[in-house]
Amino acid sequence: MQEAFSGNVRVEGTDSAVSRVFLCHNNSDKAIVREVAEGLELEYGIPNFLDVYSIPAGVEFMPFLEKELSGCSCCAIFLGGKGWGPTHLWEAEQAVARFKKDPRFKLIPVMLPGIQDVDVDKFASGGVFRTLNCVDFRNIPIEPDSLRKLFLALTGSSDEDVSRRGLSPFILRRDASRWRERGRKDKSLLYSGAKLIEAQNMLETAGELLGVGEVAAFIRAGADRQRRFWQTVVAATSIAAFSLFVAAIFAVYQAWLAHDRQLLAVSRGLALEADSARGVGEQLLIAAHAVQIAGTSTARTKLLDKINTWRALAATAQMRDHEFTAAAYRADHRSVLLGTADGALLEAPIEFGQVEGEEVRFGSVKALLRAPGEGELVSIVTQREGLTLIGFQSGRVDVLGLNGERRLMRSAPAPKISETGSMRDRAVRAMAIAPSGDQVAIGDARGVIEIHDIESSELSFPALDMSHQLRINAIAFLGSDRIAVGTGIGNIEIFDSRNGQSIASLPKQGSEVVNISRGRDDNRVVEVTGSGMVRSIQLDVGQRALLTDPTGPMFQAPPMLITSAIDAVSGALALAYPDGIIEVRDSFGGNLLDRMQPHRDQVGAFVFLPGVRLLISAGRDGVIAAWRLDGQISIATPISHFAQGFVDMISADSENGVFIVSKNDDRAGIWQLLPTGWVQVLNLLEMSKQSLGDEELMPRRSADAEGFVDVSSQPIENVALAVDARAVIWTTHNGSVFSGSWSPVNAPTKHFKAQETIAAIAISENGRQAAVLEGSRKIALFTPSSSQGQNLREIFLDSDARSIGLSNDAQKLAVGLKNGEIRLYFLGQPDRPPIGRSIINVEIASVAFTPVGQTLVARGATVGKDPRTLATISTSDLADIHYLPMPDVLVGATTSLVISRDGKLLAAPDAGGNVLLWDLTERKSIGTSFLDGSAISALALDRDGAVIAAVSTGDNIVRLATSSGALIKRACRLANKDLGEAEWADLETGLAYNPICRRTDTSAP
């Protein structure tokens, strides 16, 4: 699969219209093309993205790329020493066809290093690269003049349209690259003075554009050189003027400040570098190191995003020196057998936790054998008794015994005269073991099928020659006497496995068959084709294999499959695409269960683990990963099941004690989680009944002005907690307002009875002030510890209100109005008039203060990603408003908001089971965590900033640690390792290696 970069282009400093640009290239040249694309972005502000990562699940690749190309006004065709790739050439031909029909469509040929005349002539008879004016990128590193020429060609601008600039991100990165190539010894390239300051500022503000490695090290080297100069001046001129001394000290301070800036830039740069790392483990670890260096919002967002993206990940391991080409599960050893491109067989033990399948990690990988000269190890099957059969690219098949002894089952076939000598033409393409365990079927690239007795290695009957069907791609036993074979031309052949007699033949329905498997029973076959068609075929039991339903249930998955696997028990189907993309589907209905990209190269093999819902993927990038197939999986840790009813509210005190409020009709109250389980600390329903009696608590209500009668039967309607003060206020169905406390438990106080429906209540964290919104225009303020009717104060509003909030110290009251305005009352200064300001263009659904009361957070009642839905406001100046960014994953609307005890973290759940997180210090989103597929009924943040939530039906309580340390520890556990010194050196951060994963982080599941 080739990759296609495209982007929107506008000539900076001109009025040129935006153009859509398509960058067509061979996937093998992606490194230099990515550098060109990044250079265009760095130097001229041209954004680009990688289409293959943007193709939605279930969308076919070719139509998507064709549509993308048709929407472009320009195409750059890159050609280098790797020649033409299949999709690469197809894209180029489509572009030329449009170029001939549309005179406005621009076509720019681009020459890359190693371009060959034979490849130039292969495309359009050489006309494109020989007649059109080419852009030359044959010299590395890329020169600004060549980049400029490409930019001008893409935009159709003249050289005068774009003025030459001084220091730019591209020039900075180019100079850093040259410094590194010269062994980091050429001091003439280092910056100093104003140019150094400009580079430092650029690294701090645009680090994500510069990359993390050589640029940060280059700038640091310049700063160090300048700092050493001033230190030398200080040492050599102790009697110099005081002003010079001050200047030197200031320069040293500036150098240290530059180091801090470098840490921030390296942190941000590493976070972006994580996306291009090799394999899921390295991606997690690079993001974790970014957080460790400096906990920027960019770094924390990336790490949390990686953890959420791989939430189905159970374990991973990486072996940089191997390319995995085959895999199988060895049940007797609880291990995965892995075949490699150099003909080796490896074994990776799988260690399960106490509950099998829930906690998993890979043990130390060991080599079992290596077969030099046999090519890739391309197929592995295991027998119940513990024997293992391995097939090679040469066509050879060996049997590996229980004790590691190895014997030959099938010799490598001799090459045909017409062959060029490539072993791929003789490769073992498929193997399957009979249900009885005594036979193995082998199919190869020549189109030959053999069935061997496993014990003797003898052929059960003469080999079947199906070379007219190109090759054998897949084999499956159907019971004890039938075998299904999928061929290179797309047919499915059914044979009698006892004598090789043909029973039935099903002509192709799509492209070649790449996989077949026994379905839910011996009379059903599941077929997967290279074009992505999946179908389930029913066989006629009476006629043994007559296909009475030749089409069967089918669906279309994306084409261009690399490999696939089918779990006959669960019906799960794993599909692998170019560049490591994996889809997991239901083979019976086609429902997409998951889509991910854990590998940076092609997936070599899949294997489903029987008995546990796990899928193993092994990639040519040397990464193996175990994936849970339990549907929607949360990264949160279960705390406890709350069996007393629906959870309406959660709160955590300063000692991390967890409290729950449930307003259930028959047992409304407050519970605390203790080591022995949930214990009720206050029975709000009984206390209300004792004070009011049953009749007054639940009186019959008359019809309103529109004739409607409130038939609600919930006795307790509103509850607000101050857990540190052990104080609570609540309202009842009849409008009574109560306060109470626990530890010790005191009799409740009924303060007053509201005359209108109570819309909202609030209590300060110190428990000294409470507020009740009656209807929408009246607020009653009272002291919870006072007697009935005492210390009661009323505020009347001139506009309808929806929400209220009290500061922790009880000195401020915030009112959210339905017109989007905030009113702020200063309760500690009765003579000071309230202030107000319009904040959001919709009703303000909730308001909350940060702990010190200097900042107010307002949430609008908006469904969708309105950028003005969530805002922070300074209580000293309501005009100081900052709108928080809303993430793309938002489902519906946020339903509440909570602020951490240190005032640095904001959390809000949405309607889809996600928790959205923001850093209030930087006022940036730091990610989203998926907790459950349904709405989250209650949410809190504990002392450590961990999310405590009630999910599912509102009775499962989970905890999600969000601190930097907790996220790093989770990344280390999933990766089962830390970055090594060599891996860290490859990142070229300019910083010393500092391991972040403790042994306990990687050894415990």
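Two strands are said to pair if DSSP finds at least two bridges between them. In the predicted model described here, strands β46 (residues 758-763) and β47 (residues 770-774) meet this condition, being joined by five bridges and running antiparallel. Within this pair, Ile761 stands opposite Val772 of β47. The two strands form a hairpin, with six residues between them. In the turn of the hairpin, Gly767 has a positive phi of about 75°. Five of the six residues of β46 are buried, so this strand is largely enclosed by the rest of the structure.

A second strand, β25, spans residues 513-518 and includes Asn515. Asn515 counts as buried because its relative accessibility is 13%, and buried means under 20%. The side chain of Asn515 makes a polar contact with the side chain of Ser564, at 3.1 Å. When neighbours within four places in sequence are left aside, Asn515 is in contact with Ala474, with Val526, Glu527 and Val528, and with Ser564, Ala565 and Ile566. Ser564 thus appears both as the partner in the polar contact and in the list of contacts of Asn515.

The cysteines were examined next. A disulfide is a covalent bond between the sulfur atoms of two cysteines. The structure holds one disulfide, which joins Cys972 to Cys997 with an S to S distance of 1.8 Å. This link is left-handed, with -75° about the S-S bond. The disulfide connects distant parts of the chain, its two cysteines being 25 residues apart. Cys972 belongs to helix α17 (residues 964-975), whereas Cys997 is in the loop between α18 (981-987) and α19 (999-1003). Both ends of the link are buried: Cys972 has a relative accessibility of 0%, and Cys997 has a relative accessible area of 15%.

Cys24, in contrast, is in no disulfide. The nearest cysteine sulfur to that of Cys24 belongs to Cys75 and is 5.2 Å away. A disulfide requires two cysteine sulfur atoms within 2.5 Å; the sulfur of Cys75 is therefore too far from its closest cysteine sulfur, that of Cys24, for a bond, at 5.2 Å. Cys24 is buried, with a relative accessible area of 0%, and Cys75 likewise counts as buried, at 0% relative accessibility.

Note on methods
Residues numbered from 1 in each chain as written. Predicted model: local features only at pLDDT ≥ 70, side-chain atom pairs only at ≥ 80, totals over all residues. Heavy atoms only, no water. Helix = DSSP H or I, 4+ residues; strand = E, 2+ residues; numbered from the N terminus. Buried < 20%, exposed > 50% of the residue type's maximum accessible area, 1.4 Å probe, protein only. Polar contact = N/O pair within 3.5 Å; in protein donor to acceptor, adjacent residues only side chain to side chain. Contact = heavy atoms within 4.5 Å.
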